[in-house]
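Biologist: I have a model open on my screen and would like to go through some of its labels with you. Could you tell me what stands behind each term?

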Amino acid sequence: MKPLRVAIVGAGPAGLYAAGHLLEGPGGTYLDGRLVRMVNRPVEVDVFDRLPTHWGLVRHGVAPDHPEKKLVQTVFEQVAARRGFRFFGNVEVGRHVSAADLSRWYDAVIYANGAASDATLGIDGEDLPGSVAAREFVAWYNGHPDYRDLDIDLSHERAVVVGNGNVALDVARILTLPIAALERTDIADHALRTLRASRVREVVVLGRRGPAEAAFSNPELEELGRLPSVDIVVAEPVVVVAEPVVEEPSTTSDDPAVRRKLATLRNYARRTSNAPKRIVLRFHTSPTALLGDSRVRGVALRDNRTGEHSELGAGLVLRAIGYRGIGVPGLPFDEQRGIVENVDGRVTGMVGTYVTGWIKRGPRGIIGTNKKCARDTVRALLAVADHLDRSDTLDAAAVEAELRHRRPDLVTHEQWLRIDAAERAAGRPQGRPRIKFSDVEELLAAAQAR
Ligand code: NAP
């Protein structure tokens, strides 16, 4: 039987979960609590990534001090080892191949290219040097090749983080963790050097709403309280939650998760210590402008309850207010939501074209959220697979020949395994999980090494 041939764009969690569902493991797939076979024909999957590396945000997004969140890559490694899986790294869709090429070559295409840009504050000074999207800062410390030369100035004592999500807490932690804790991780070497010389002593995290509405999750908030040598300070506007006062509506929430969050914050507000560094959680506060002439030197603030204005000095402002998807040339894009237009994963008006992950539903959810998301997309694809079957697609060998012609230094899965082994070997003498290559030339050299 002719295999169903599917291209997946993006080798992050969304793409790899989709590949895993298509190249279903021997046990099948859990659907409604039962293990069933979703796929009843041979499938071939080619995963494309513009970088020479695998695993997307697991490699370039998950904080280096959270190695347990990277364990999922062993699941992806098993998927990548299945018959029918191929990787074409260092190939950019929209540059080396077009969406139209993929639609012509494959029976179906799944875009899983995430959210590669940022929401904006829309305030004066946002573009000053020293104002950095948290996404970029995260990519910088995780060794993403595009961000290794990012201008990160840690020569001032205070940094401000705008936003109250888990990304905000990730970056606040990385800025305050003792360097010894980072030295054992896979953080990029350039970031380690910069953080070692850091003079940042205080990180102020700004939430525009109250603590009950904060987007960060409880384990991440509670983890702050266990950081060595870091005080957690709950700043003035929220001191009301230090006491269980009934007039604070958010303290009477019925939601157990909110109650737990408020209890943690009350606990922080009561604690006193004198650690060398501190994270200040300040709620009901919005930046109205970033101040400075040639670089950020502070933030103008508004208390959203009283309307009061104030200023806070800072040498670095990290904007952690959410990621944003970028359109794929040839696919309909919803500018307002920053997603490819789709109905349950089926791209609007394009037969055989699907989306999964953040480009389908927006930049929300943890890595595991993508498993069900990808399963739903793959189910939608498989439901019409017989109609997608075309006679004019290219077979696996023809696709590879065409790709090698257009992109001679594409990176295959076997070559990625060489990169992976070289990085792990480099980390071993230092007791680190790996030392990442953060330069495309270095990555290609490792891929091509004999
Ligand atoms: P997020 O959870 O959506 O948080 C965005 C934050 O930015 C919210 O607090 C939001 O406040 C605030 N915000 C948005 N626009 C703003 C503005 N104009 N001014 C001030 N604040 C503004 O996004 P994220 O932190 O980027 O995380 C993305 C996803 O990845 C989330 O689902 C997150 O849980 C996940 N993630 C998980 C982990 C982990 O498990 N450890 C780590 C990192 C990321 P409002 O609520 O008021 O809109």
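**Terms and the values behind them**

Modeller: Gladly! Let's start with S13 and strand S14 (residues 298-303), which run antiparallel and are joined by 6 bridges. This is a predicted model, where local features need pLDDT of at least 70, side-chain atom pairs count only at pLDDT 80 or more, and totals for chains, interfaces and linings use all residues. Residues are numbered from 1 along each chain as its sequence is written, and side-chain values use heavy atoms, with hydrogens and water left out.

Biologist: What makes S13 and S14 a pair?

Modeller: Two strands pair if DSSP finds at least two bridges between them. S13 and S14 have 6 bridges, so they count as paired. Within this pairing, Thr285 stands opposite Asp303 in S14.

Biologist: And how do you know that S14 pairs with S15?

Modeller: By the same test: S14 and S15 share 5 antiparallel bridges. Here Val299 stands opposite Leu312 in S15. The hairpin of S14 and S15 has 5 residues between the strands, and Gly307 there takes a positive phi near 80°.

Biologist: Which strands are called edge strands?

Modeller: The open sheet has 3 strands in the order S13-S14-S15. Strand S13 (285-291) and strand S15 (309-313) are its edge strands, as each pairs on one side only. From one strand to the next, the twist averages 30°.

Biologist: Now the helices. Why is H5 called oblique to H6?

Modeller: The axes of helix H5 (residues 134-141) and helix H6 (residues 166-176) come within 10 Å and cross at roughly 50°. That makes H5 oblique to H6, because angles under 35 degrees count as roughly parallel, over 145 as roughly antiparallel, 65 to 115 as roughly perpendicular and the rest as oblique.

Biologist: Which residues of H5 and H6 make the contact?

Modeller: With contact meaning heavy atoms within 4.5 Å, H5 brings Ala134, Phe137, Val138 and Tyr141, while H6 brings Val167, Asp170, Val171, Ile174 and Leu175. They divide into 8 nonpolar, no polar and 1 charged.

Biologist: One last label: why is Gly84 called partly exposed?

Modeller: Gly84 has a relative accessible area of 25%. Buried means under 20%, exposed over 50% and partly exposed in between (1.4 Å probe, protein chains only), so Gly84 is partly exposed. Gly84 lies in the loop between helix H3 (73-80) and strand S5 (85-89). Not counting residues up to four places away in sequence, Gly84 touches Leu23, Val43, Glu44 and Val45.

Note on methods:
Axes fitted to C-alpha atoms, helices over the stretch in contact; angles between N-to-C directions. Helix = DSSP H or I, 4+ residues; strand = E, 2+ residues; numbered from the N terminus. Nonpolar A, V, L, I, M, F, W, Y, C, P; charged D, E, K, R; others polar.
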